Amino acid sequence: MNFDKPINRRGTNCAKWDKMEALYGVCNETGIAMWVADMDFHPPACIREALQAYTDHGVYGYYGNDKAYRDAICWWQENRHGWTIDPSWIFSTHGLVNGTAMCIDAFTSPGDGVVMFTPIYHAFFRVLNASRRSIIQCPLQNENNRFELDFDLYDSLMTGKEKALVFCSPHNPSGRVWTREELRGVADFAERHNLILISDEIHQDIVYPGQKHIPFAIADDSISDRLVIMNAPTKTFNIAGTHTGHVIIPNPELRARFENRMFALGISPNSFGIIMTQAGYSTEGAEWVDAMVGYVAENRRLFEGAIDALPGITSFPLEATYLSWVDFSGTGMSHNEICDRVHKQAGLATNHGGTFGLGGDGHMRFNLATQRYNITSAIDRLNAAFNDLQ
Ligand SMILES: Cc1ncc(COP(=O)(O)O)c(C=O)c1O
């Protein structure tokens, strides 16, 4: 497992390296891609070998028995996260943006309110706006670069029309791991306002030493009747192109509603995603994840140290995810000036904070899951672009 190994992704039609120019005005040849959440590493050998065996066979017809796939998901949740699930609770979707859209479609109607604690993963806004749900943004409170929940404020923002809460755990974009008490607070809030609680836990496996992700279902079992958990192997093993995720629903009535929408829209999984998921959720896959997290943890240490040394710029200490949330507001610079320095002068393609909703302005999100030489080069470029602050 050599995560330093250079892998040239330019010119491969990958979004991350080949769309920097179009999206951020960063030169595709010389820029460094630090935006969309995929990694620049090969997935574990067990996944590549399983895929190779399938492609070598050469016939790619309909997939039949998905028992081993469901069992692999159950094994992973039990062994890595201490959560026992029944294989019949699992639905396979085309990734978790699709999973979110399916939940919204199954459990709410146009015009209903959907609550989110913001800033939050930007694609949720796209899904909710396009499906004509009304978004109630409940701003997270920034306490010394650590987001906290303020339920008194959120209670006061409710109108009675809210039907669901989309929650992100661990949190994208700030990399927070929510504590058991915080999760219980969220569960109580959902209970008080009669909300279906959709917990997106796609980042559950990328958690740094000293932190522990708690699946919502075991943080508070009294909530299981209104709880939907979404998970996927795609961030964990860097296989986002498979667009395969799973939605886990303990409550039979919610399950029936969800299944009906899956049938109505004709959604069934693709065999490539099933095979790769099954291969990754294994002992070998687990060893790879531990090594990968160790590698990215050092990237995080270097990056956060360098950012925090720049006057007026601070990073949110990452507890999970490889996505660093950086606050430029202390520089007093406008959005355009921050973009000019980060994109044009430093040549770094990063996500704009404002796309993550209320509280995101003045921030950028940096993807650290890349070879170390990209991180050290990004640090040098940022030091040069913000040299006048020193
Ligand atoms: C919280 C969260 N949910 C979902 C996704 C995307 O999931 P998918 O690629 O399975 O649609 C991402 C990708 O960054 C994410 O951060």
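In the next few minutes I will walk through the sheets, a helix pair, the ligand shell and some backbone details of this structure.

Before the details, please keep in mind that this is a predicted model, in which local features need pLDDT of at least 70 and side-chain atom pairs count only at pLDDT 80 or more, while totals for chains, interfaces and linings use all residues. Residues are numbered from 1 along each chain as its sequence is written.

Let me begin with the sheets. Seven strands (strands being DSSP E runs of at least two residues, and helices H or I runs of at least four, both numbered from the N terminus) form an open sheet with mixed pairing, in the order E2-E10-E9-E8-E7-E3-E4. Its edges are strand E2, residues 90-93, and strand E4, residues 134-139, each of which pairs on one side only, where pairing requires that DSSP finds at least two bridges between two strands. From one strand to the next the twist averages 25 degrees. At the E4 end, strand E3 (residues 113-118) runs parallel to E4 and is joined to it by six bridges, and within that pair glycine 113 has serine 134 of E4 as its bridge partner.

There is also an open sheet of four strands, ordered E11-E12-E15-E14, and here the pairing is antiparallel. Strand E11 (314-315) and strand E14 (351-352) stand at its edges with a single partner strand each, so one side of each has no neighbour in the sheet. E14 and strand E15 (residues 363-367) run antiparallel and are joined by two bridges, with histidine 352 partnered by methionine 364 in E15.

Turning to the helices, which ones pack here, and at what angle do they cross? The axes of helix H5 (residues 95-107) and helix H6 (residues 123-130) come within 10 Å and cross at roughly 35 degrees; axes are lines fitted to C-alpha atoms, for helices over the stretch in contact, and angles run from 0 to 180 degrees between N-to-C directions. On the H5 side the contact is made by Val97, Thr100, Ala101 and Ile104, and on the H6 side by Ala123, Phe124, Val127 and Leu128, contact meaning that C-beta atoms placed from the backbone lie within 7 Å. By class, seven of these residues are nonpolar, one is polar and none is charged, with Ala, Val, Leu, Ile, Met, Phe, Trp, Tyr, Cys and Pro counted as nonpolar, Asp, Glu, Lys and Arg as charged, and the others, Gly among them, as polar.

H5 also gives the most to the shell around the ligand, with three residues. In total 13 residues surround the ligand, and the closest are Ala37, Gly95, Leu96, Val97 and Tyr121, a residue being near if its C-beta atom, placed from the backbone, lies within 6 Å. The shell comprises eight nonpolar, four polar and one charged residues.

Finally, some backbone details. Most residues other than glycine have a negative phi, and most peptide bonds are trans. Against that background, the bond from threonine 118 to proline 119 is cis, with omega near 5 degrees, and proline 119 lies in the loop between E3 and H6. Serine 169 and proline 170 are likewise joined by a cis peptide bond, with omega about -5 degrees, and proline 170 sits in the loop between strand E7 (162-168) and helix H8 (180-192). Asparagine 13, although not a glycine, has a positive phi of about 65 degrees, and its place is in the segment before helix H1 (15-18).

Terms used
Contact = placed C-beta atoms within 7 Å.
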